[in-house]
Amino acid sequence: MLRGRAGSAPLTLSLLGAAAVTLVGCGSAIVREWTSLYSVADGQLNRLEATSDGKATATIYATRASTPGVWTELYFTGTWREEDYVFVFDLACVSSDCVGDDFQLRCVVIDEENGKTWKLDCTGNNKWQNYPFFWQEVL
């Protein structure tokens, strides 16, 4: 089981007044760099990048149940696609520390301030279903 830490900030994201958005101009709202809303691993931020060619990379910090105080930096590559206003990432482990930890991430883009602030609210599956996947765009 993998766990993430969201620091002292609450793990819920207020979606009041937020709208799910899939397009910005001519491109997809998912195509950008993202960092986790909350720091993990002693101040580190998770990173996610979605490119216009449908590819994705992620750096995610996690601990294992057997070593809860030891944070490991894990690398993933994969693809993304849109399904009914939800962005689906299929992420495969490329680090030796996460063999077999491939997973799917389902995300909704949140426009909190009319295009000024973009966030992602995501849910993972498999071992990642309880990990706090909340992201903000890199400005």
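**View 1. The whole chain, strand after strand.** Along the sequence, this predicted model reads β-β-β-β-β-β-β-β-β-β-β-β. That makes twelve strands and zero helices. The protein has 139 residues, and 41% of them count as buried. Its accessible surface comes to about 7,400 Å², with 50% belonging to carbon and sulfur atoms. If you like to think in contacts, take those with a separation of 6 or more: residues 24 or more positions apart account for 45% of them.

**View 2. The hairpin of β8 and β9.** Here strand β8 (residues 67-83) runs antiparallel to β9, and eight bridges join the two. Look for W80, which stands opposite F89 in β9. Two residues lie between the strands of this hairpin, and D84 in the turn has a positive phi of about 50 degrees. Strand β9 itself spans residues 86-93 and is mostly covered, with six of its eight residues buried.

**View 3. From β9 across to β10.** On to the next pairing: β9 and strand β10 (residues 103-111) are antiparallel partners over five bridges. A handy landmark is L91, which stands opposite F103 in β10. β9 therefore pairs with β8 through eight bridges and with β10 through five.**View 4. Two disulfides, one pattern.** A search of the whole structure finds two disulfides. Counting bonded cysteines along the chain, they follow the pattern 1-2, 3-4. One of them joins C93 to C98, with an S to S distance of 2.0 Å. This link of C93 and C98 is right-handed, with 95 degrees about the S-S bond. Are its two cysteines buried or exposed? Both C93 and C98 are buried.

**View 5. The link of C107 and C122.** In this close-up a disulfide joins C107 to C122, S to S 2.1 Å. The pair ties together distant parts of the chain, with C107 in strand β10 and C122 in strand β11 (residues 118-124), 15 residues apart. The torsion about the S-S bond of C107 and C122 is about 115 degrees, so this disulfide is right-handed. C107 is buried, and C122 is buried too.

**View 6. Inside the largest nonpolar core.** Which residues touch the most other members of this core? They are I30, F76, F89, L105, L120, W128 and F133, out of 31 residues in the core. The elements giving two or more residues to this core are β6 (47-50), β7 (55-64), β8, β9, β10 and β11. β7 gives the most, with five residues. In soluble globular proteins, nonpolar side chains tend to be buried together.

**View 7. F133 and its neighbours.** Zoom in on F133, one of the core residues that touch the most other members. Leaving aside residues up to four places away in sequence, F133 touches I60, F103, L105, L120, D121, C122, G124 and W128. Some familiar faces return here: F103 stands opposite L91, and C122 is joined to C107 by a disulfide.

**View 8. E112 in the loop between β10 and β11.** The last stop is E112, found in the loop between β10 and β11. With 30% relative accessibility, E112 counts as partly exposed, because that value falls between the cut-offs of 20% for buried and 50% for exposed. Which side chain does the side chain of E112 meet in a polar contact? The partner is the side chain of K119, at 3.1 Å.

Note on methods. Residues are numbered from 1 along each chain as its sequence is written. This is a predicted model: local features need pLDDT of at least 70, side-chain atom pairs count only at pLDDT 80 or more; totals for chains, interfaces and linings use all residues. Side-chain values use heavy atoms; hydrogens and water are left out. Buried means under 20% relative accessible area, exposed over 50%, partly exposed in between (1.4 Å probe, protein chains only). Two strands pair if DSSP finds at least two bridges between them. A disulfide is a pair of cysteine sulfur atoms within 2.5 Å. A nonpolar core is a set of buried Ala, Val, Leu, Ile, Met, Phe, Trp, Tyr and Cys residues joined through side-chain atoms within 4.5 Å. Contact means heavy atoms within 4.5 Å. A polar contact is a pair of N or O atoms within 3.5 Å; within protein, one must be able to donate a hydrogen and the other to accept it, and residues adjacent in sequence count only if both atoms are side-chain atoms. Accessible areas come from the Shrake-Rupley method with a 1.4 Å probe; for residues, only the protein chains shown count as cover.
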